[in-house]
Amino acid sequence: MRNNQILTLNKGSSIAQDTGCSQCMRKPLCMAHTLEDNSLHAFSALVNHARPVKRKQALFRAGDRFDRLYFVRAGLFKSYRLHEDGALHVTGFHLPGEMMGLDNMNNGVHSEYLEALDTGSVCELPLAAIEKLARVDGALVMQLMRTVSAEVSREKDMMYLLGKMGAKQKLANFLIDLSDRSYTSGLHRNKIHFGMTRADIANHLGMAVETISRILQGLRDQGILTINHRDIELTHRDLLESIAKHGSIMPIPHRDRASA
């Protein structure tokens with residue numbers, strides 16, 4: 001697998017047409033599936049549906065006004081920051097059904113950039129609409145806040161864990177997390193079809209590209225995963241989970257036959 005290759009998480013799919021939430025093929029992945037009919041209708045009426053996005057197109061840049069939330073309808077997106085010294089830091093990747101654009105909600109101005117890694121589409125919820133939602137359905141606003149809270153909590157938990165791990169454990173956790181989120185997005189649980197370069201992954205995890213390649217090769221040699229061009233299959237997910245949790249493959253406890 002070459003360092004500069006790009007992979008999509010929704011290969012073979014076409015961009016959804018502009019339909020409301022009730023008919024959307026992504027509804028099972030979105031917070032919309034948690035809403036009752038009346039709330040769903042109110043929510044759908046305030047959302048801008050299926051805005052098409054081209055590869056490498058930026059949805060917003062640092063300094064832009066924070067005026068809406070985004071839901072991935074199709075495609076894959078990355079968020080990143082540019083620091084004063086010019087260094088770029090990839091802060092996250094976003095899959096279908098996930099919410100984006102939560103980087104600096106309290107200040108009203110974005111501190112990050114959000115860019116499409118392939119052709120896709122997004123749904124937009126203007127912040128001004130949330131006030132309308134509160135008047136129409138307070139329970140719906142609470143569900144939106146729970147969705148926001150869950151996404152922020154997931155990102156913080158992952159940042160905390162990655163900051164305390166060695167290189168192999170970091171990559172194992174990244175692969176497990178991406179596998180689980182891909183499955184939630186409607187794909188196979190143990191098959192990952194990347195949409196980012198190894199350079200993006202390395203930047204996100206604070207590692208060198210060469211280290212990513214070396215660890216992947218080692219995991220392949222151990223039979224823990226297989227790599228086929230742009231696809232990775234977790235052939236022994238239990239072993240990868242052991243590395244993700246402990247930093248190495250833990251031996252299976254021996255059971256004495258006499259005590260069995």
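Start by selecting Val53 and Gly120: Gly120, in β8, is the bridge partner of Val53. The model on screen is a predicted one.

**Stop 1: the sheet around β8**

Extend the selection to β1 and to β8, residues 120-126; the two strands run antiparallel and are joined by four bridges. Now show the whole sheet. It is open and has four strands, ordered β1-β8-β3-β6, with antiparallel pairing. Which strands stand at the edges? They are β1 (48-53) and β6 (99-100); each has a single partner strand, so one side of each lacks a neighbour in the sheet. Next, add helix α2, residues 127-136, which packs on this sheet and touches β3 (68-74) and β8. The direction of α2 makes about 55 degrees with that of β8.

**Stop 2: the other open sheet**

Select β2, β7, β4 and β5. These four strands form an open sheet in the order β2-β7-β4-β5, and the pairing is antiparallel. At its edges are β2 (58-60) and β5, each of which pairs on one side only. On average, neighbouring strands here are turned by 30 degrees against each other, direction ignored. Zoom in on β2 and on β7, residues 113-116, which pair in the antiparallel sense over two bridges. To find a bridge in this pair, label Ala58 and its partner in β7, Glu115.

**Stop 3: helix α5**

Keep β4 and β5 visible and add α5 (198-205). The helix lies across β4 (77-82) and β5, and runs at about 105 degrees to β5. Is α5 largely enclosed or largely open? Six of its eight residues are buried, so α5 is largely enclosed by the rest of the structure. Colour the buried ones: Arg198, Asp200, Ile201, Ala202, His204 and Leu205. They pack against β4, β5, α3, α4 and α6.

Ala199 also belongs to α5, but it is partly exposed, with a relative accessible area of 39%. A distance label from Ala199 to Val90 reads 9.9 Å between C-alpha atoms, although the two are 109 residues apart in sequence. Just after the helix comes Gly206, whose phi is positive, near 70 degrees.

**Stop 4: α4 against α6**

Select α4 (residues 167-184) and α6 (209-221). Their axes are 10 Å apart and the helices pack at an angle of about 75 degrees. Angles of 65 to 115 degrees count as roughly perpendicular, and α4 and α6 are therefore roughly perpendicular to each other. Show side chains at the interface: Ala167, Lys168, Leu171 and Leu175 in α4 meet Thr211, Ile212, Ile215, Leu216 and Leu219 in α6.

Stay on α4 and pick Asp177. What is the burial state of Asp177? Its relative accessibility is 14%, so Asp177 counts as buried. Apart from neighbours within four places in sequence, Asp177 is in contact with Arg154 and Met158.

**Stop 5: the nonpolar cores**

Pick Leu171 and Leu175 again; they have the most contacts inside the largest nonpolar core, which has 34 residues. Elements that each supply at least two residues of this core include β5 (88-94), α3 (138-163), β10 (225-228), β11 (231-234) and α7 (237-246). Which element gives the largest share? It is α4, with six residues. Expand the selection around Leu175: not counting residues up to four places away in sequence, Leu175 touches Ile192, Phe194, Leu216, Leu219, Leu225 and Leu240. Then move to a second, separate core of 22 residues, among them Val47, Met99, Cys123 and Val148.

**Stop 6: Cys21 and Cys30**

Finish with a cysteine pair. How many disulfides does the structure hold? The count is zero. Select Cys21 and show the distance to the closest cysteine sulfur, in Cys30: the separation is 6.2 Å, too far for a bond. The cut-off for a disulfide is 2.5 Å between the sulfur atoms. Cys30 is likewise in no disulfide, since the nearest cysteine sulfur to it is that of Cys21 at 6.2 Å. Both residues are buried: Cys21 has a relative accessible area of 8%, and Cys30 is at 14% relative accessibility.

Notes. Residues numbered from 1 in each chain as written. Predicted model: local features only at pLDDT ≥ 70, side-chain atom pairs only at ≥ 80, totals over all residues. Heavy atoms only, no water. Buried < 20%, exposed > 50% of the residue type's maximum accessible area, 1.4 Å probe, protein only. Contact = heavy atoms within 4.5 Å. Core = buried A, V, L, I, M, F, W, Y, C linked by side-chain atoms within 4.5 Å. Pairing = 2+ DSSP bridges. Axes fitted to C-alpha atoms, helices over the stretch in contact; angles between N-to-C directions. Parallel < 35°, antiparallel > 145°, perpendicular 65-115°, else oblique.
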